[in-house]
Amino acid sequence: MYRHNTGSFIQEKQILVMDGKNMADSRQLLTDLRAATMAENGVPYGLIEDAAIAVEAGKILWIGPRADVPAQFKDFPQTPQEGRLVTPGLIDCHTHIVHGGERAGEFEMRLNGASYEEVARAGGGIVSTVTATRDATEQELLAQALARVDVLLGEGATTLEIKSGYGLDIETELRMLRVARTVMEHRPVRVKTSFLGAHATPAEYKDRPDAYIDEVCIPALHAAHVQGLADAVDGFCEGIAFSPEQLARVFEAAKALGLPVKLHAEQLSNLGGAKLAASYNALSADHIEYLDEEGVIAMAQAGTVAVILPGAFYTLRETQIPPIAALRQHSVPIALATDCNPGSSPMTSLLLTMNMGCTLFRLTPEEALRGVTCHAAQALGLTDCGTIAAGQRADLAIWNVTKPAELAYRIGFNPLHSRLFGGLS
């Protein structure tokens, strides 16, 4: 069990237990709470006042007004919440949590006037992270990743996506994915992995991106699939990364393996990456600051989620905001994520991400909360979390607030009271 302690988690046992019972035996009735179920029922936040939630064996059995609790759940051990707000456990659907080193030095260089080229010549940029990641052992990568994961868990996260992409050789890409899988052995969190071999061209393949795709990226993808390390396949479609044509070859390989795809698209320019992703029924297209209406329509038709990443927008001091109005107009689900990475978004706070989504991109607080719950689940292809409903996993966040909007409103304040993962705190 892990105990919530001033925003961090202390490991007591790697086997999740509660009062000597395993997860299958646990049952409880949460009462005296306000439930932001995130159901699409015409009520803001799907809010139920004075609600109760029945939980057993890691699942939600019933949710509704406390006055309507069915007889079969009334003998469950009750845990009154003293009027607190309960939401689905938060979901960070786009992270690069597993990586070696940090890049505070180049952050400082840029603020002292150094150009991107000067930073690169000094060994900065993605090259420095690739070098640090290649040099790190699995144990070192895991220790660094867990420190970042703990911060997210301390803010109510129960599910994370973790990408590879800082190895850019077969061995290190697989090492990153193994570490991402191992996180679940050390923390009470669900991890979905994305193979991001098409993130950048490494130095040894300079000016030979096609050779890198054929000789490293696609073979690494096949190896990751054989070892059961990849839940999805990602890529970076940009002038500084890979073209739609190059990424189509990666997506064809993913399709042949039966793996869903997602894509970093339209972050710095519009190369038609979102349309490419939609043509493969992608789970998500992420960043999308330069997405046009044609791309929005393609995403809407494919059911592709728009994942917006205000941390990178903020850190890079961008000015082109994603086409939020067009996404709303065409009913494209909008998810939010930290994009936790050492270069463009060194952020491990979903609460700050929600606030940034509202202040920088003019999302409503309800859109922001949906962005880190139900829509984030959709961006990962998950159907058993992201809402509070019968049959869903009992992944819940319990907050010392009464209004859902407070979660996006405050800055630098963590109101998490407790967190349930599979029904266990």
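Start by selecting Ala 36 and Leu 47: Leu 47, in strand 4, is the bridge partner of Ala 36. The model on screen is a predicted one.

Now widen the selection to residues 27-36, which form strand 3, and residues 47-56, which form strand 4. These two strands run antiparallel and are joined by seven bridges. In general, strands of a sheet pair through backbone hydrogen bonds, in either a parallel or an antiparallel sense.

Next, show the whole sheet that holds this pair. Six strands make up an open sheet with mixed pairing, in the order 5-4-3-6-15-16. To find its edges, select 59-65 for strand 5 and 416-420 for strand 16; each of these pairs on one side only. From one strand to the next, the twist averages 40°.

Move on to the other sheet. It is open, has eight strands with parallel pairing, and follows the order 7-8-9-10-11-12-13-14. Its edge strands are strand 7, at 90-92, and strand 14, at 334-336, and each has pairing on one side only. Direction ignored, neighbouring strands here are turned by 25° against each other on average.

Within this sheet, pick residues 284-287 (strand 12) and residues 305-308 (strand 13), which pair in the parallel sense over three bridges. Zoom to Ser 284 and, opposite this residue in strand 13, Val 305.

For the last stop, select residues 244-257, which are helix 7. Which strands does helix 7 lie across? Add 190-198, 232-237 and 262-265 to the selection: these are strand 9, strand 10 and strand 11, and helix 7 lies across them. Helix 7 runs at about 175° to strand 10.

Technical notes:
Residues are numbered from 1 along each chain as its sequence is written. This is a predicted model: local features need pLDDT of at least 70, side-chain atom pairs count only at pLDDT 80 or more; totals for chains, interfaces and linings use all residues. Side-chain values use heavy atoms; hydrogens and water are left out. Two strands pair if DSSP finds at least two bridges between them. Helices (H or I, at least four residues) and strands (E, at least two) are DSSP runs, numbered from the N terminus. Axes are lines fitted to C-alpha atoms, for helices over the stretch in contact, and angles run from 0 to 180 degrees between N-to-C directions. Contact means heavy atoms within 4.5 Å.
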